[in-house]
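Here are some short exercises to work through with the structure open beside you. Try each task before reading its solution.

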Amino acid sequence: MKKILFVCSGGMSSAIVEKALKTEADKAGVAIEANAVGSGEAQDAIAGDDWDMVLVAPQVRNRFNQFKEYADAKNIPIVNIPPRDYSPLGGKHLLELIQQ
């Protein structure tokens, strides 16, 4: 099972994208556990669990380097979500991104 953490501005918009990812993962038979947090919770969330990947929403990409420091401290890959994939229709592309 892959554990994915989404980081966005408040944790709400990423919850929609998280659901889209889970839907596509279920269709593909891929086990995924995902959680969405706001940028203010990112440091604690990254440090507090063993994530396989951190995905950063487009609206907080300006803070990517800060989130990367947290992820690098735990050797967790971190990626900016392309804006086109940050939608309820982006689940398929996010699943592909995670599986790379």
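**Exercise 1.** Decide whether D72 is buried, partly exposed or exposed in this predicted model, and place D72 in the fold.

*Solution.* Start with the relative accessible area of D72, which is 40%. Partly exposed covers the range between 20% and 50%, so D72 is partly exposed. Next, find the element: D72 belongs to helix α3. Finally, take a distance. I46 and D72 are separated by 26 residues in sequence, and their C-alpha atoms are 9.9 Å apart in space.

**Exercise 2.** Find which residues of helix α3 are buried, and work out how they are arranged around the helix axis.

*Solution.* First, list the buried residues in α3, which runs over residues 64–73: they are F64, F67, Y70 and A71. Then look down the axis of α3. The buried residues fall within an arc of 125 degrees, so they line one face of the helix. Now turn to the face pointing away from that buried side, where you will find the exposed residues N65, E69 and A73. As a next step, ask what covers the buried residues of α3: the cover includes β1 (2–8), α2, β3 (53–56) and β4 (78–80). Last, step just past the end of α3, where N75 adopts a positive phi of about 55 degrees.

**Exercise 3.** Carry out the analysis of buried residues for helix α4.

*Solution.* Begin with the list for α4 (residues 91–99): G91, L94, L95, L97 and I98 are buried. Around the axis they cover an arc of only 160 degrees, which puts them on the same side of α4. Then look for the cover, which includes β1, α1 (12–28), β2, β3 and β4.

**Exercise 4.** Describe the surroundings of two serines, S39 and S13.

*Solution.* Take S39 to begin with. S39 sits in the loop that links β2 (32–38) to α2 (42–47). Its relative accessible area is 12%, so S39 is buried. Setting aside neighbours within four places in sequence, the contacts of S39 are V7, C8, S9, V60, R63 and F67. One of these, F67, is also among the buried residues of α3.

Now move to S13, found in helix α1. With a relative accessibility of 27%, S13 counts as partly exposed. Leaving out residues up to four places away in sequence, S13 touches C8, Q59 and Y86. To finish, compute a C-alpha to C-alpha distance: S13 and Q43 lie 19 Å apart in space, with their positions 30 residues apart in sequence.

**Exercise 5.** Summarise the protein chain: what is its pattern of elements, and how compact is it?

*Solution.* Count the elements: there are four helices and four strands. Along the sequence they follow the order β-α-β-α-β-α-β-α. The radius of gyration is 12 Å, close to the 13 Å that the globule rule gives for 100 residues, so the chain is as compact as a globular protein of that length. For its extent, the C-alpha trace spans about 35 × 25 × 20 Å along the principal axes.

Next, consider burial and contacts. Of the 100 residues, 46% are buried. Among contacts between residues at least 6 apart in sequence, 74% join residues at least 24 apart.

Finally, examine the surface and the charges. The chain exposes about 5400 Å², with carbon and sulfur atoms supplying 49% of that area. There are 11 positive and 13 negative side chains, and the centres of these two sets are 5 Å apart.

How values were computed. Residues are numbered from 1 along each chain as its sequence is written. This is a predicted model: local features need pLDDT of at least 70, side-chain atom pairs count only at pLDDT 80 or more; totals for chains, interfaces and linings use all residues. Side-chain values use heavy atoms; hydrogens and water are left out. Helices (H or I, at least four residues) and strands (E, at least two) are DSSP runs, numbered from the N terminus. Buried means under 20% relative accessible area, exposed over 50%, partly exposed in between (1.4 Å probe, protein chains only). Contact means heavy atoms within 4.5 Å. The arc is that of the directions from the helix axis to the C-beta atoms. The radius of gyration is taken over C-alpha atoms; the globule rule is 2.2 Å times the number of residues to the power 0.38. Accessible areas come from the Shrake-Rupley method with a 1.4 Å probe; for residues, only the protein chains shown count as cover. Lys and Arg count as positive and Asp and Glu as negative; His and the chain ends are not counted. The place of a charge is taken as NZ of Lys, CZ of Arg, CG of Asp or CD of Glu.
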